[in-house]
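The following note sets out some points on side-chain packing for your consideration. Please read it alongside the sequence and the coordinates.

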Amino acid sequence: MARSMESVDADLSRLFDWPLFELEDDIRPALVRSLKRGKNSVIATLVGRDGPSPRPVGSQFVVSQDETFSGYISGGCIESNLAVMARE
């Protein structure tokens with residue numbers, strides 16, 4: 001029996017100290033959903049890099065006021081910090 005993605009994410013988030021984000025290149029659907037709910041959002045865009053990077057310049061990550069996330073700009077290690085900064 002195949003497991004749902006939510007079930008897999010729940011298991012993985014118990015193993016790691018940071019939240020898992022939707023691994024999507026296109027943040028627009030999540031941004032539209034947030035705006036339809038009347039929530040503000042912050043968009044982070046990777047504008048440069050120094051050395052190797054898992055994501056190309058132009059990659060985006062969105063954090064909504066209700067603390068939903070979408071996209072990724074790194075391998076997953078700085079999205080948590082961005083989410084904290086977005087709340088400030």
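Over which ring does the charged end of R55 sit?

1. The model is a predicted one. In it, the ring in question is that of Y72: the charged end of R55 lies over this ring, 4.0 Å from its centre.

2. The structure contains 1 aromatic pair. Its members are F61 and F69, whose rings are stacked, with 6.1 Å centre to centre and 10° between the planes. The arrangement counts as stacked because planes under 30 degrees apart are classed in that way.

3. Both partners of the pair merit a remark on accessibility. F61 has a relative accessibility of 1% and therefore counts as buried. F69 is also buried, its relative accessible area being 18%; the cut-off applied here is under 20%.

4. F61 and F69 also belong to the largest nonpolar core, which has 8 residues. The other members are A44, L46, V63, I73, L82 and A83. Of the secondary-structure elements, β2 (60-64) and α3 (79-87) each contribute at least two residues to this core. In general, nonpolar side chains in soluble globular proteins tend to be buried together.

5. Within this core, A83 deserves separate mention. Leaving aside residues up to four places away in sequence, A83 touches F61, V63 and F69.

6. On α3, the buried residues are E79, S80, L82 and A83. They lie on the same side of α3, because the arc they cover around the axis is only 160°. These buried residues of α3 pack against β1 (41-45), β2 and β3 (69-71).

Terms used
Residues are numbered from 1 along each chain as its sequence is written. This is a predicted model: local features need pLDDT of at least 70, side-chain atom pairs count only at pLDDT 80 or more; totals for chains, interfaces and linings use all residues. Side-chain values use heavy atoms; hydrogens and water are left out. Rings of Phe, Tyr and Trp (its six-membered ring) pair if their centres lie within 6.5 Å; planes under 30 degrees apart count as stacked, over 60 as edge-to-face and the rest as tilted. Buried means under 20% relative accessible area, exposed over 50%, partly exposed in between (1.4 Å probe, protein chains only). A charge sits over a ring if NZ of Lys or CZ of Arg is within 6 Å of the ring centre and within 35 degrees of the ring normal. A nonpolar core is a set of buried Ala, Val, Leu, Ile, Met, Phe, Trp, Tyr and Cys residues joined through side-chain atoms within 4.5 Å. Helices (H or I, at least four residues) and strands (E, at least two) are DSSP runs, numbered from the N terminus. Contact means heavy atoms within 4.5 Å. The arc is that of the directions from the helix axis to the C-beta atoms.
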